[in-house]
Amino acid sequence: MAFKLPAFGKKKRKDQPSNRKLQIISKDAPFQYVEAYKTLRTNINFMAASNNYRRLVITSSIPGEGKSNVAINLAISLAENGKKVLIIDCDLRKPVMHKYLRITRRASGLTNVLSGEATPADVIVHFSDLNIDVITAGVIPPNPAELLGSARMAKMLDGLSEQYDYIIMDTPPASVVTDAAVLSALADGVIFVVSHANATIESAQLAKKNLEAANANVIGAVLNGFDLKSTTRDTGYYYSYEYGYYK
């Protein structure tokens with residue numbers, strides 16, 4: 001499935017702290033922006049019902065394509081639909097979730113669980129305003145790919161899957177490092193974020209090739225930052241509702 005999400009400038013929720021660098025869906029967001037995420041949510045719910053897609057890896061081809069924004073907003077949209085959702089920052093190289101959500105960088109996170117220093121319950125942060133739970137990356141390790149593909153990671157995900165309807169894992173770009181491909185073995189599906197403005201055909205093809213080489217189940221792509229003005233269509237429904245399926 002390929003979804004086109006419009007660019008959303010720098011508008012923030014009224015209750016959003018000024019230093020939370022997150023383009024968040026809310027009642028103040030443009031109609032097309034909110035509807036695009038509702039469309040993404042609806043199709044994922046349909047796919048989850050028939051294929052049990054509950055553990056989702058979110059990745060991109062290169063840095064700066066907005067995958068973390070997509071991961072957070074997808075989680076919020078699913079939570080608004082009554083689902084219990086957990087986001088895990090699995091970018092153990094350049095994590096950003098703690099910055100977006102204003103969680104102290106010194107807080108324990110995923111690496112603390114994988115090293116045996118903490119349990120998942122110790123590191124989960126709940127956001128009552130967004131109704132989502134978050135596990136930050138924690139301390140940056142020397143061996144990210146090995147940790148993400150470890151038996152302890154698999155055991156943790158199995159346990160968390162009993163508590164959550166969806167687990168969304170934000171990972172590094174797939175054309176740069178192997179982390180997303182490694183983690184895809186523990187996920188039900190991979191959603192590939194492609195920036196309308198930044199990605200090249202070559203980088204997207206390389207990322208897709210790397211994922212497929214690891215037998216990743218790429219269930220669809222999100223075209224992020226789509227600019228309606230660059231098209232000849234007159235209605236916002238063009239990019240809110242146009243999508244297609246890979247499979």
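The exercises below work through salt bridges, ring contacts and backbone angles in a predicted model.

Residues are numbered from 1 along each chain as its sequence is written, and side-chain values use heavy atoms, with hydrogens and water left out. In this predicted model, local features need pLDDT of at least 70 and side-chain atom pairs count only at pLDDT 80 or more, while totals for chains, interfaces and linings use all residues.

**Exercise 1.** Work out which residues are linked with Lys67 in a network of salt bridges.

*Solution.* Begin with the rule: a salt bridge is a side-chain nitrogen of Lys or Arg within 4 Å of a carboxyl oxygen of Asp or Glu, and by this rule the count comes to 6 salt bridges. One of them joins Asp91 to Lys67, with the closest N and O atoms 3.9 Å apart. Asp91 lies in the loop between β3 (85-89) and α3 (97-100) and Lys67 in helix α2 (residues 67-80), so this pair ties together parts that are 24 residues apart in sequence; helices (H or I, at least four residues) and strands (E, at least two) are DSSP runs, numbered from the N terminus. Next, Asp170 forms a salt bridge with Lys67, where the closest N and O atoms are 3.0 Å apart. Because Asp170 belongs to strand β6 (residues 166-170) and Lys67 to helix α2, that pair ties together parts 103 residues apart in sequence. The network therefore links Lys67, Asp91 and Asp170.

**Exercise 2.** Decide whether Arg93 and Asp179, which meet in a salt bridge, are buried, partly exposed or exposed.

*Solution.* The side chains of Arg93 and Asp179 meet at 2.8 Å, N to O. The pair links distant parts of the chain, with Arg93 in the loop between β3 and α3 and Asp179 in helix α8 (residues 179-184), 86 residues apart. Buried means under 20% relative accessible area, exposed over 50%, and partly exposed in between (1.4 Å probe, protein chains only). Arg93, at 35%, is therefore partly exposed, whereas Asp179, at 0%, counts as buried.

**Exercise 3.** Find the residue that lies over the face of Tyr164.

*Solution.* A charge sits over a ring if NZ of Lys or CZ of Arg is within 6 Å of the ring centre and within 35 degrees of the ring normal. Lys84 lies over the face of Tyr164, at 5.1 Å from the ring centre.

**Exercise 4.** Locate Asn131, which has a positive phi although it is not a glycine.

*Solution.* The phi of Asn131 is about 60°, and Asn131 is found in the loop between β4 (125-127) and β5 (132-135). At 43% relative accessibility, Asn131 counts as partly exposed.
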